[in-house]
Amino acid sequence: MKYILFFFSFIIFSLTSAQAQMSKTQELAFKKSENSLLKYVDSMNRLAVSEEKIDYCHLFIKEFGKVLKNENSFAFPFDTLSKKIHILYPEDKSFRVFNWPIEFATARFRYYGVIQKADGTLYPLIDQSDRIGDNHINDVLNNKDWFGQEYYRILTQKDESGKPIYFIFGVNHNRESTSIKIVDVIKFNDQQIDFGGQYFSEGQNRFIIEYQKGTQVSLNYDTEQKMIVFNVLESEINQPQRKHTLVPNGNLDGLKWNNYKWELVKNLIPIIKLQDGQAPVNGVIQSSK
């Protein structure tokens, strides 16, 4: 991963004061830069040769880093770029995450990203998912030792003192026969970012579900139930230790925020097992006898 570190190293910096309102001239300059960046993004997404995709990805990282180093870059939304890569904000807009995958071989992915704080500080995300195995996936990690993911949501809760805790939802499809979905914790720590924290039941630093690659599995926050809701998984061959056999069984469990931790809530939608001669009608079990 040294070549990734090389492309990211030049964009690590800190601004001494919060960024101010940008001028019209700055806005036009950022818009021009954004338009220039799109050619790299289009190439890294559309080219058929994986090596060329990676090359254009690195060119994009280099040029994007230069843009983000400019004063007031956090105030520019990159709306057009957001149609090509993920740009996520927490509710308080205190930082944002730029994130994207590259398919470097059939159904194999490498993940890229950078987190920018409102004061302009940048934290490159260095994908080490090839190196981080099952024995370390639950460790507290950092932005240079990152389990690469494609992020799709940031959720904010409060700790005992009222300070925000940021939970980020992501998916990794890089393993040969399984995919992994994760709810992780983001913590800002001096010149790096820590991923993971003791906010889950059973002493976990993050919530992880691993399942058969190609299977549709949900893991997201339900605003009506005020819970993280996810599919319950079951082995197709009754061997749950073989993660590549796990698929949804029709049930849903949840995680409810209670006493500053996510606690497991089982059977949000229980499976109805019918006996011989029974059938559901409008949700009510009817007997044929």
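The following exchange discusses the helices and the sheet of a predicted model.

Local features in this model need pLDDT of at least 70 and side-chain atom pairs count only at pLDDT 80 or more, while totals for chains, interfaces and linings use all residues. Residues are numbered from 1 along each chain as its sequence is written, and side-chain values use heavy atoms, with hydrogens and water left out.

Colleague: Against which elements do the buried residues of H2 pack?

Modeller: Helices (H or I, at least four residues) and strands (E, at least two) are DSSP runs, numbered from the N terminus. In H2, the buried residues (under 20% relative accessible area, 1.4 Å probe, protein chains only) include Phe30, Leu37 and Tyr40. Taking contact as heavy atoms within 4.5 Å, the buried residues of H2 pack against helix H3 (50-68) and strand S2 (95-105).

Colleague: Why does the span of H3 agree with expectation?

Modeller: The expected span of a helix is 1.5 Å times one less than its number of residues. For the 19 residues of H3 this should give 27 Å, which agrees with end C-alpha atoms that are 26 Å apart.

Colleague: In which order do the four strands form the open sheet?

Modeller: Two strands pair if DSSP finds at least two bridges between them, and S2 and strand S3 (residues 108-117) pair in the antiparallel sense over 10 bridges. Strand S1 (86-88) and strand S4 (122-126) are the edge strands, each pairing on one side only. The pairing in this open sheet is antiparallel, and the order is S1-S2-S3-S4.

Key:
Buried < 20%, exposed > 50% of the residue type's maximum accessible area, 1.4 Å probe, protein only.
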